[in-house]
Every structure is written in structure tokens, then in C-alpha cells.
Amino acid sequence: MNVRNCKKCGRIFNYVSGMPICMQCKEKLEEKFQEVKKYIQENRHASIPQVSEACEVSTNQIQQWLREERLELAEGSGIALFCENCEAPILSGRFCEKCKNSMANKLSDSIKRPEAPKPQKKKDPKENPKMRFLN
């Protein structure tokens, strides 16, 4: 059992995986996420600082939700998000579709596929004659 203190409230909880926060704080964070999502749907041209101020959520948290692809920006939104690889504008996540596909192709190319075993030739004793002694 992995017991930790919650990063938000300091309570002790049984840590399983993900962010090291307790269930109560996760539920509060999810409520804030729904509030931010609703605000962005109603105010498509709002910037991150405007959303942060209106919903009382840190700008870092909003950017994290965008990077996790939990939130997606609308076309023409006031929020600018760029691909971490090529700096192309994107609506959510960390990479544009072109970079995602390129990385996936490179990854699949780097994984060696098992080759079928090559049939071994049987050695012909006449090819390599050696002296043999019999007892």
C-alpha cells in the first residue's frame, strides 16, 4: 500500500496512480473542469487569463487540461496553443496531427519485427572432406 499526503490539502490517502491528490480534491478539480468547459463553450473567444479569472482556476491548470486533450479550443478562439515540435497552431494536445503521425511512423519503424527463421543448409560431407580415424 502506497500512502501519501495530498498535494492540495495535505490529507493522507492511499495513492494508486496519476496526480498525487486525494479523492475529495479530485472531485473538486473535476467540478472546476466542468465549470471551465462550460465557460469556454459559452465564451468561445475568451483568453486563458479571462477563463482563469472567471472560473477561479489557475492558468497552469487550464493549460494542463488543454495539453491532456481534455479541453479543445474552438476555431478562432482567443487562446493560442502551439505544437511543441513544429510550432504549428493546434486546438488541443501537445503536437499537431502531422507531428503525431511522423512520431508514430518513426516509432513503428524502430521496432524490429521478428523475422522468419532462415532454413539452414545441410552440410554435404563431400564439400569439406576431413580425415577421420576409426578405433
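Here are some questions and answers about this predicted model.

Reader: Happy to start with the overall layout; which pattern does the chain follow along the sequence?
Author: Glad to help. The secondary structure comes to four helices and two strands. Read along the sequence, these elements give the pattern β-β-α-α-α-α.

Reader: And how much of the chain counts as buried?
Author: A residue counts as buried when its relative accessible area is under 20%. The chain has 135 residues, and the share of them that counts as buried is 24%.

Reader: How many aromatic pairs are there, by the rule of ring centres within 6.5 Å?
Author: A pair of aromatic rings is described by the distance of the centres and the angle of the planes. With the centres required to lie within 6.5 Å, the count comes to two.

Reader: Let's take Phe13 and Tyr15; what kind of aromatic pair do they form?
Author: The ring centres of Phe13 and Tyr15 are 6.4 Å apart, with 75° between the planes. Planes over 60 degrees apart count as edge-to-face. The pair of Phe13 and Tyr15 is therefore edge-to-face.

Reader: Are Phe13 and Tyr15 buried or exposed?
Author: Phe13 has a relative accessibility of 13%, and Tyr15 has a relative accessible area of 16%. Both values are under 20%, so Phe13 and Tyr15 count as buried.

Reader: Which charged residue sits over the ring of Tyr15?
Author: Tyr15 has a neighbour besides its partner Phe13. At 3.9 Å from the centre of the Tyr15 ring lies the charged end of Arg4.

Reader: Now for Phe33 and Trp65: how many residues apart in sequence are the parts that this pair ties together?
Author: Phe33 and Trp65 form an edge-to-face pair, 5.2 Å centre to centre with 75° between the planes. Phe33 belongs to helix H1 (residues 23-42) and Trp65 to helix H3, so the pair ties together parts whose separation in sequence is 32 residues.

Reader: Are those two rings in buried or exposed residues, and which charged residue sits over Phe33?
Author: Phe33 is buried, at 4% relative accessible area, and Trp65 is buried as well, at 2%. A charged end also sits over the ring of Phe33, 3.9 Å from its centre, and that end belongs to Arg70.

Reader: How are helices H1 and H2 oriented to each other?
Author: Two packed helices are described by the angle between their axes and the distance between the axes. The axes of H1 and H2 come within 10 Å and cross at roughly 125°. That angle makes H1 oblique to H2, and the crossing is right-handed.

Reader: Which residues of H2 meet H1?
Author: On the H1 side, the residues involved are Lys32, Glu35, Val36, Tyr39 and Ile40. Their partners in H2 are Gln50, Val51, Ala54 and Cys55.

Reader: I noticed Glu56 has a positive phi; is the residue buried or exposed?
Author: Phi of Glu56 is near 55°, and Glu56 is a residue other than glycine. Glu56 is in the loop between helix H2 (48-55) and helix H3 (59-67). Its relative accessible area is 66%, over the 50% cut-off, so Glu56 is exposed.

Reader: Then which residues does Ser92 touch, leaving out those up to four places away in sequence?
Author: Ser92 is in the loop between H3 and H4. Ser92 is buried, with a relative accessible area of 13%. The residues it touches are Leu66, Glu69, Leu71, Glu72 and Leu81.

Technical notes:
Residues are numbered from 1 along each chain as its sequence is written. This is a predicted model: local features need pLDDT of at least 70, side-chain atom pairs count only at pLDDT 80 or more; totals for chains, interfaces and linings use all residues. Side-chain values use heavy atoms; hydrogens and water are left out. Buried means under 20% relative accessible area, exposed over 50%, partly exposed in between (1.4 Å probe, protein chains only). Contact means heavy atoms within 4.5 Å. Rings of Phe, Tyr and Trp (its six-membered ring) pair if their centres lie within 6.5 Å; planes under 30 degrees apart count as stacked, over 60 as edge-to-face and the rest as tilted. A charge sits over a ring if NZ of Lys or CZ of Arg is within 6 Å of the ring centre and within 35 degrees of the ring normal. Axes are lines fitted to C-alpha atoms, for helices over the stretch in contact, and angles run from 0 to 180 degrees between N-to-C directions. Angles under 35 degrees count as roughly parallel, over 145 as roughly antiparallel, 65 to 115 as roughly perpendicular and the rest as oblique. A crossing is left-handed if the near helix is turned anticlockwise from the far one by less than a right angle, and right-handed if clockwise.
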